[in-house]
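Subject: Structure handover

Hello,

Here is the structure I promised to pass on. My notes follow below it.

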Amino acid sequence: MTKLYMTRHGQTKWNSEGRMQGQKDSKLTELGEEQAKWLGERLNDIDLDIIISSSSERAFRTAEMIRGERNIEIITNDNLKEMNFGEWQGQLHEEIKAIWPEEYKNFWEFPHLYTPSEGESFLELIERVSDEVEKIISKYEGKNILLVAHGIVLKGLIAYFENKDLKDFWKGAFMHSTCLNIVEIKNSSRKIVLQGDISHYPVEEKAI
């Protein structure tokens, strides 16, 4: 059996400011680094064979901190970068909502109706990340793989594995920073056995 462990990067400066990041980048906050360490401790007893990270700095830094002192190769992958939001990248949610009210509403509430003026659609995102992950699964068959990516990339992969209708894209667990998702792969079967889990967070953090 191949096991895919999937997580989102730790909290970043732009996350804390309420900015859309997409394929632009910002550094992990102090809390973001702690979140990565918490997940690293949780996965310490898992014999990971390979770590594959989005090539965005925030994801790679998270991957490094999860790995810690262990001797595990980290491979960066451009096709696991976050959804391309076009002009929205780096802007505050409130600014986007004011300038593109209909697009913004469709993005969060009616993903099947979302048509970006720039960047990617949800279907384009799902196709990009699912194609890449299938290549990874094939290459590392029978291995334990850690994938470090982004919130919407993870939602796209879950939508793909569960064969969701696009209108249901946002349904299911929220992808908190360094949440854990586990997919078991056997032949053509893809079974999600854990989704959006943050049980490695300290109790006081879960209450926020």
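I begin with D165, which is partly exposed, with a relative accessible area of 48%. Keep in mind that this is a predicted model. D165 sits in the loop that runs between α7 (151–161) and β5 (180–186). M175 is ten residues away from D165 in sequence. In space, the two C-alpha atoms are 19 Å apart.

Next, the helices.

Helix α5 spans residues 101–109. Its buried residues include E103, Y104, N106 and F107. These four cover an arc of only 165° around the axis, so they lie on the same side of α5. What covers them? Among the covering elements are α4 (93–99), α6 (122–139) and α7.

Two of those covering helices also pack against each other. Packed helices in general are described by the angle between their axes and the distance between the axes. For α6 and α7, the axes come within 9 Å. They cross at roughly 75°. That falls in the 65 to 115 degree range, so α6 and α7 are roughly perpendicular to each other. On the α6 side, the contact is made by F122, L125, I126, V129, S130, V133 and E134. On the α7 side, I152, V153, G156, L157, A159, Y160 and F161 take part. By class, the contact residues are eleven nonpolar, two polar and one charged.

Now the charged pairs. Side chains of opposite charge can pair when their charged atoms come close. The count for this model comes to 15 salt bridges. Here are some of them.

- K27 and E57 meet through their side chains, at 3.0 Å from N to O. K27 is in the loop between α1 (13–17) and α2 (30–42), and E57 is in helix α3 (residues 57–67), so this salt bridge ties together parts that are 30 residues apart in sequence. K27 is exposed, with a relative accessible area of 56%. E57 is partly exposed, at 42%.

- D197 pairs with R42, and their closest N and O atoms are 2.5 Å apart. This salt bridge links distant parts of the chain, 155 residues apart. D197 belongs to strand β6 (residues 189–197), while R42 belongs to helix α2. R42 counts as partly exposed, at 30% relative accessibility.

- R128 forms a salt bridge with E120, with 2.8 Å between the closest N and O atoms. Are these two residues buried or exposed? Buried means under 20% relative accessible area. R128 has 16%, so R128 is buried. E120 has 12%, so E120 is buried too.

- K13, E17 and R19 are linked in a network of salt bridges.

One last site is S56. It lies in the loop between β2 (50–54) and α3. S56 has a relative accessible area of 4%, so it counts as buried. Which residues does S56 touch, leaving out those up to four places away in sequence? The answer is D25, K81 and H150.

To find your way around, I suggest this order. Start with the buried side of α5. Then go to the crossing of α6 and α7. After that, look at the pair of D197 and R42, and then at the pair of R128 and E120. Finish with the contacts of S56.

Best wishes

Notes
Residues numbered from 1 in each chain as written. Predicted model: local features only at pLDDT ≥ 70, side-chain atom pairs only at ≥ 80, totals over all residues. Heavy atoms only, no water. Helix = DSSP H or I, 4+ residues; strand = E, 2+ residues; numbered from the N terminus. Buried < 20%, exposed > 50% of the residue type's maximum accessible area, 1.4 Å probe, protein only. Arc of directions from axis to C-beta. Contact = heavy atoms within 4.5 Å. Salt bridge = Lys/Arg side-chain N within 4 Å of Asp/Glu carboxyl O. Axes fitted to C-alpha atoms, helices over the stretch in contact; angles between N-to-C directions. Parallel < 35°, antiparallel > 145°, perpendicular 65-115°, else oblique. Nonpolar A, V, L, I, M, F, W, Y, C, P; charged D, E, K, R; others polar.
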